[in-house]
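Open the model in your viewer and keep the sequence panel beside it, because this tour moves from one selection to the next. At each stop, select the residues named and look at how their side chains meet.

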Amino acid sequence: MSRSVRTRPEASGQALSEAYDTALLDLDGVVYAGGEAIAHAVPSLATARDGGMRLAYVTNNALRTPDAVAAHLTELGIPAEAGDVITSAQAVARLVAEQVPQGSRVLVVGGEGLRVALRERGLEPVESADDEPVAVVQGYGGPELAWGRFAEASYAVARGLPWFASNTDLTIPSGRGIAPGNGAAVEVVRIATGAEPQVAGKPLPPMHRETILRTGAERPLVVGDRLDTDIEGAFNGGVDSLLVLTGVTDGAQLLAAPPQHRPTYVDADLRGLLTGQPEVVAVDGGFRCGGWMATAGTGRLELDGDGEAVDGLRALCAAAWTSAGEEACGLDAGKALARLGV
C-alpha cells in the first residue's frame with residue numbers, strides 16, 4: 001500500500017476529541033512521568049471523556065497489570081478500569097499463544113504484568129530454563145530485575161526455543177530522567193545468543209491489532225511522545241496521531257523525522273485534544289503558522305516572527321519535512337529552535 005509523504009502537520013477545524021471516537025493514549029511521558037501526572041493531563045482527559053471521547057491507555061511497559069495501571073490512573077484523578085488499559089504484555093501473550101499449544105510452559109523474564117497476561121492465554125509461566133519451557137518471553141521487569149534472569153533467558157534461547165519480546169524500547173522516562181528500557185535488556189540476551197526475538201509492542205502490528213480488538217475503535221487517534229513507537233505505530237496501522245512534547249521527543253528529533261515518524265498533529269501537551277489544530281500555510285517560499293514564518297535556507301532552517309512556540313515548531317516541521325521529502329532532514333535547526341525554547 002502506497003502512502004503519501006507527510007510534509008506538514010495537518011489542520012483540524014474540530015477539536016480532536018470530537019473528530020475521533022477513541023484516544024489511544026501512551027502513558028509514560030504522555031499521561032504521567034515517574035508516577036506523577038503530567039501538567040494539564042488530568043483536566044484535559046476529563047474534558048475529552050465528558051465530551052464523549054473514549055480513552056484507552058496503550059503502553060509498551062509490560063511490568064504492571066491492567067488492574068494496577070487502572071488503579072494508578074484512578075489515584076491520579078483519571079478514572080479508569082482494567083478494560084481501558086492495553087499493554088504490550090497482552091499483545092505478546094496473544095502472539096505466543098498463537099504459536100504454542102494451550103497449557104505450554106513459558107519462561108518469563110519480566111514482571112507480574114507479563115505473567116498475568118500469559119495465564120489469561122492459558123499458558124504457564126516458569127522461572128528456569130530447566131523447567132521445560134517451550135518458549136521464552138521477555139518484558140520490562142523494573143530496575144530490580146536480577147541479572148541472573150538474563151542468563152536463564154540466554155540458556156533457553158541458545159537451546160533453540162522461540163524467543164518473544166514485549167517491546168524493544170531502549171529507554172523509558174522516569175521522574176529522575178531517562179532510564180534503560182526493555183530494549184536494553186533484550187540486547188543483553190541478543191548479544192549472548194545471537195538470536196532475534198519476535199516483538200509484539202509498538203510500533204509493530206501485533207500491538208495495534210491488540211488495541212483495536214480490545215477497544216473496537218473506528219476512528220482512533222494515537223497520542224504519544226515517542227516517534228519510534230507511538231507515531232511509527234500509528235503510521236504502520238494507517239491511523240492518525242498526535243505527538244505531545246511532554247516526554248522524550250524534542251524539537252530537533254521532530255524536525256529530523258523520516259516519513260514514518262511524522263505525526264499528523266503536534267501539540268505541547270494533552271490540552272491539544274480539546275482544540276482544533278491550526279493550518280500551516282505555504283507562502284512566499286516558506287511556511288506560516290500563527291505568527292511564525294519558517295523557511296529552509298542553505299544548510300539550515302530559519303524562523304522569523306513571534307507567537308506560541310508550538311506554532312513556530314509546526315511551521316518548522318513543514319519547512320524541514322518538505323525539504324527532506326522521503327528522507328530525514330539534515331538541516332541545522334539549532335538557532336531556530338533556540339528561539340522557541342524547545
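The stops below follow salt bridges through this predicted model.

Begin with the whole structure on screen, and bear in mind as you go that it holds 19 salt bridges.

For the opening stop, select K202 and D26, which form a salt bridge whose closest N and O atoms are 3.0 Å apart. Now look at where each partner sits along the chain: K202 lies in the loop between β12 (198-199) and α8 (205-215), while D26 lies in the loop between β1 (22-25) and β2 (32-33), so the pair ties together parts that are 176 residues apart in sequence. Are these partners buried or exposed? K202 is buried, with a relative accessible area of 10%, and D26 is buried as well, at 7%.

Next, select R190 and E196, whose side chains meet in a salt bridge with an N to O distance of 2.2 Å. If you turn on the surface here, look for E196, which counts as exposed at 57% relative accessibility.

Then move to E302 and R300, where the side chains again meet in a salt bridge, this time at 3.4 Å from N to O. E302 is partly exposed, with a relative accessible area of 32%, and R300 is also partly exposed, with a value of 37%.

To finish, return to K202 and D26 and add D230 to the selection, for salt bridges that share partners join D26, K202 and D230 into one network.

Definitions and conventions. Residues are numbered from 1 along each chain as its sequence is written. This is a predicted model: local features need pLDDT of at least 70, side-chain atom pairs count only at pLDDT 80 or more; totals for chains, interfaces and linings use all residues. Side-chain values use heavy atoms; hydrogens and water are left out. A salt bridge is a side-chain nitrogen of Lys or Arg within 4 Å of a carboxyl oxygen of Asp or Glu. Helices (H or I, at least four residues) and strands (E, at least two) are DSSP runs, numbered from the N terminus. Buried means under 20% relative accessible area, exposed over 50%, partly exposed in between (1.4 Å probe, protein chains only).
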